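Dear colleague,

I am handing over the structure below, and I would be grateful if you would look through it before reading my notes. What I found follows after it.

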Amino acid sequence: MSDNDYRFGTPDDALAGQDNRADYRLTARARVILELESPSPETPGPHGLRELVCQIRDISAGGLCLLSPEPLSLGALLPADVAFGRYEDRFRLAVEVVWCRPSESEFLVGVHIIESDETAYVEWVEAVAEVMAED
């Protein structure tokens, strides 16, 4: 992924009136892996782990718009690993699903990034700010 894999805004303004984020958004070619089900502490290995890989439509410091192959439940709190731009390490975040709607053959999903000391929240905000400062 290169520095030009993201830009301000989205090419499709049809949904702009439905976006409630106060932050500027970047359209990004990035991806997120959502952990939908965690393995039981008693079960060794990855048994019971269920992950969903989604493309990211746009990002901001406080949220993401995802393209998901399946719908997600409103209010779901999910661990998320975000691969973004030139950053080698993924950002481990906690997200809450705030909206979900069908879009062609997949689903658009809006998630709010939850501030937590146990995640890479601060690093994420700094990375988004750095990218926005470059544009």
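A nonpolar core, as the word is used here, is a set of buried Ala, Val, Leu, Ile, Met, Phe, Trp, Tyr and Cys residues joined through side-chain atoms within 4.5 Å. Please keep in mind that this is a predicted model, and that what I describe was computed from it.

In the largest such core there are 29 residues, of which Leu34, Leu64, Leu66, Val82, Phe84 and Trp124 touch the most other members. Two or more residues come from each of strand S2 (26–37), strand S3 (50–59), strand S4 (63–68), S5, S6, strand S7 (106–114) and H1, and the element that gives the most is H1, with 6 residues.

As for the overall layout, the protein chain has 1 helix and 7 strands, which follow one another from the N terminus in the order β-β-β-β-β-β-β-α. Of its 135 residues, 39% are buried, and the accessible surface of the chain comes to about 7,800 Å², with 49% of that belonging to carbon and sulfur atoms. When contacts between residues at least 6 apart in sequence are considered, 56% of them join residues at least 24 apart.

How many aromatic pairs does a search of the whole structure find? The search finds 4, and two of them deserve a fuller description. In the pair of Phe84 and Trp124, the ring centres are 5.3 Å apart and the planes stand at 55°, so this pair is tilted. Because Phe84 lies in the loop between strand S5 (77–83) and strand S6 (91–103), while Trp124 belongs to helix H1 (residues 121–134), the pair ties together parts that are 40 residues apart in sequence. Both partners count as buried, Phe84 at 1% relative accessibility and Trp124 at 0%.

The rings of Phe91 and Trp124 also pair, with their centres 5.4 Å apart and their planes at 80°, so that this pair is edge-to-face, the angle being over the 60 degrees required. This pair, too, links distant parts of the chain, since Phe91 is in strand S6 and Trp124 in helix H1, 33 residues apart. With a relative accessible area of 7%, Phe91 is buried. Taken together, Phe84, Tyr87, Phe91 and Trp124 form one aromatic cluster.

A further arrangement at a ring involves Trp99, over whose face Arg101 lies, at 3.9 Å from the ring centre.

Phe91 appears again around Asp81, a residue of strand S5: leaving aside neighbours within four places in sequence, Asp81 is in contact with Arg31, Val32, Ile33, Arg90, Phe91 and Arg92. Asp81 and Val32 are 49 residues apart in sequence, yet their C-alpha atoms are 5.5 Å apart in space.

Finally, a word on confidence. The mean pLDDT of the protein chain is 78, and 70% of its residues reach 70 or more. Over residues 1–17, however, the pLDDT is below 50, although this stretch has 41 contacts in the model beyond near neighbours in sequence. Where pLDDT is low, the predicted coordinates should not be read in detail.

With best regards

Notes. Residues numbered from 1 in each chain as written. Heavy atoms only, no water. Phe/Tyr/Trp six-rings, centres within 6.5 Å; stacked < 30°, edge-to-face > 60°. Helix = DSSP H or I, 4+ residues; strand = E, 2+ residues; numbered from the N terminus. Buried < 20%, exposed > 50% of the residue type's maximum accessible area, 1.4 Å probe, protein only. Lys NZ or Arg CZ within 6 Å of the ring centre and 35° of its normal. pLDDT = per-residue confidence, 0-100. Contact = heavy atoms within 4.5 Å. Areas by Shrake-Rupley, 256 points an atom, 1.4 Å probe, with all protein chains shown as cover.
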